[in-house]
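Q: I'd like a close look at the empty space inside this protein. Please walk me through it place by place, and tell me how far the model can be trusted there.

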Amino acid sequence: MPQPDRLPGTPEFRIRLPQDGAEARGWLLMRFGGNGTNRFLLREGSLVTAEEWPGLGRHARRSRAELRAEGALVDAPPAPGRPEGAPARWVATRDIECNSSSAAAALVYGYDASGPESWRTDEGHPLSDYLSTGWRPPHKAWLVRGSNVSGHNLVRQLWLAEGFMSLSGAHLPPLEESDPTKSALRRFVEEGYEGAASYHQKQGLVDALHAFLTQMRVGDTVATYDDDRLYLGRITGDAVQTTSPGGLSNLRRSVTWRADGHPYDELPGELRQKLSVQHDVVDLTGVLDALDGLTGEADGTDRAEVADTLERAAPKELTLPGISEALAEELLVHDRAWLEELRELLLDEKQLVFYGPPGTGKTYLAMKLAEHFGGGPEQVKIVQFHPSYAYEDFFEGFRPVEDPETREVAFRLAAGPLRELADLASRDGNRHVPHFLIIDEINRANLAKVFGELYFLLEYRDRSVRLTYSGDDFPLPPNLFVIGTMNTADRSIALVDAAMRRRFAFVELSPRTEPTAGLLARWLAREGRDAEPARLLDALNSRVDDADFAIGPSYLMKPGVYRDGGLERTWRTKILPLLEEHHYGEGIDVAARYGLDALRERPA
């Protein structure tokens, strides 16, 4: 049944929040907001995040506060099966009309976000597919491939010589609209290419057609690639549909090509990453300055005017905050240079692993550093590997989803924690903000099975790979850092292969070396407690013959240890069992060798 004021021909859209799968729903309205785009209705019962992140604008903060005061957003009751520690949620008690889909997305997420890309249909199509072109940046750049179109090199044979570029659209009907929406193009492709193309081929064709017919404009920069050289030009004409042999080039735009090409090996790294995306049409606007740098000119475009139009500052450089004295004191690391070295390793390598015996604070240190460098917990995601963990859990895979109305179950592509964090880090406005993925117990999974083709991206951050399930060309954003933890007492460390070791920097945390060696003594002094537990731990570790099975200080840095009988209880139930496992089958009396009485009698 059609709803009043709902934009005809558009479906309901949804946003699914990370961590607990909370969902918001809504639809486009026929009325326009103050920015010239369709207003958006957030439906009653939608769940939104209660947190507000630094990326949330003042207007959105004020709107959320007013809706809370009116009772339109109230605390959501706990949902059955809700994960422990999941973020707080609010629920909409009535329909809420928002100025735009982006305003509605900011309301749901708690930070500014693109509504046309954030809101999705049940099939996963973005809201932008249902909008006409509307506003776009005054100057964009594009890569259009033509060196292998059904075995023909159109760049060499036609494009450069005759001054145009083209797409193949042999099975399309006559296109009467000048700017067809993506949803309309999807219908044309589904009908015209039924049986002639796979699902992913049709999806890629829709994206290419939409960019070529609707997004491109006269004056945009265009690039193409042939014989290891990049050629640049300027679009000079609108899209036309014509006939061509075999339908290889029946959608055309005239282009003024520059005569000289640029060798691939001399191109900037950020541009090479974009060129590695294997779509027929690729948006290069993000590297427009690099393209201009190749020609030594701005191609007649006033960059100051563009910046004013976009109302955004120049891109900020990606960096990591320095190590403060307060952080070093909180972590009880007396040598700030050690922490600074970790910062430099992350900047250089992007990935590192803390390894050492149990109880050395590997996960705690990883979380504290990630929150410090990222600017808060919202830029940090934590996962724990285990033997049954797989690529589908980590990155993306098909999951059963129940339709809330029909109760039918269908498999839909779902993003895992790495894909979610990478998508967040890649958003406009986030690219200078460090984001961290912490992988606890990284050695306990089959790493080749979990990482799959992503292994390549850990080493080559300037490239992209074609994903197994979605078929997307995916790069790891440069502002995504990975910190793993590895327990050396765990025998599954043998699963860590040479490929893994080559892609990560490894930092040891050992009870026998600083900063871990003196950590317990410094903590006891800060807490005003007797130093005996530190002396006992040092005496115990001096008797452990294998450094990988030494005992870390964190076992003795908990309040329960210092209640009546707590030290003895912790020693008996936490520490001695670890050493029993280490000496299993050796016939050693572990209590006689490592017990508190033995250590107190002979502390050295």
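A: Happy to! A good way in is helix α19 (residues 532-543), which contributes three residues to the lining of the largest cavity, the most of any element. Before going further, please keep in mind that this is a predicted model. Its mean pLDDT is 84, and 89% of the residues reach at least 70. The stretch 298-315 has a pLDDT below 50, and beyond near neighbours in sequence it makes 17 contacts in the model.

Back to the cavity. Two cavities of 30 Å³ or more are present in the structure, and the largest holds about 50 Å³ of space. Leu-537, Asp-538 and Asn-541 are the lining residues that fall within the span of α19. Around them the wall is completed by Pro-511, Thr-516, Ala-517, Leu-520, Ile-551 and Pro-553. By class, that lining comes to six nonpolar residues, two polar and one charged. Asp counts as charged, so Asp-538 is the charged member of the lining.

The second largest cavity has a volume of about 40 Å³. Its walls are formed by Phe-394, Leu-418, Leu-437, Phe-451, Leu-454, Leu-458, Leu-476 and Val-482. Here the lining has eight nonpolar residues, with no polar and no charged ones.

One of those wall residues, Leu-437, falls within strand β19 (residues 435-440), the strand that also holds His-435. His-435 is buried because its relative accessible area is 1%, and buried means under 20%. Beyond neighbours within four places in sequence, His-435 touches Gln-379, Leu-421, Leu-424, Ala-425, Asn-430, Asn-479, Leu-480 and Phe-481.

Now for an open space. The second largest pocket has a volume of about 690 Å³. Several elements give two or more residues to its lining: α10 (325-331), α12 (362-374), β22 (480-487), α18 (519-527) and α20 (566-582). Two of these tie the picture together. The span of β22 includes Leu-480 and Phe-481, both contacts of His-435, and also Val-482 from the wall of the second largest cavity. The span of α18 includes Leu-520, which lines the largest cavity.

In total, 37 residues line this pocket, with Gly-359, Thr-360, Gly-361, Lys-362 and Ser-554 lying nearest its centre. Its lining divides into 20 nonpolar, nine polar and eight charged residues.

Definitions and conventions. Residues are numbered from 1 along each chain as its sequence is written. This is a predicted model: local features need pLDDT of at least 70, side-chain atom pairs count only at pLDDT 80 or more; totals for chains, interfaces and linings use all residues. Side-chain values use heavy atoms; hydrogens and water are left out. On a 1 Å grid over the protein atoms alone, a cavity is a set of points where a 1.4 Å probe fits but cannot get out, and a pocket is an open set with protein on both sides within 12 Å along at least five of seven lines; lining residues have an atom within 4 Å of a point. Grid points are joined across faces, edges and corners, and a volume is the space filled by probe spheres set on the points. Helices (H or I, at least four residues) and strands (E, at least two) are DSSP runs, numbered from the N terminus. Buried means under 20% relative accessible area, exposed over 50%, partly exposed in between (1.4 Å probe, protein chains only). Contact means heavy atoms within 4.5 Å. pLDDT is the predictor's confidence in each residue, from 0 to 100.
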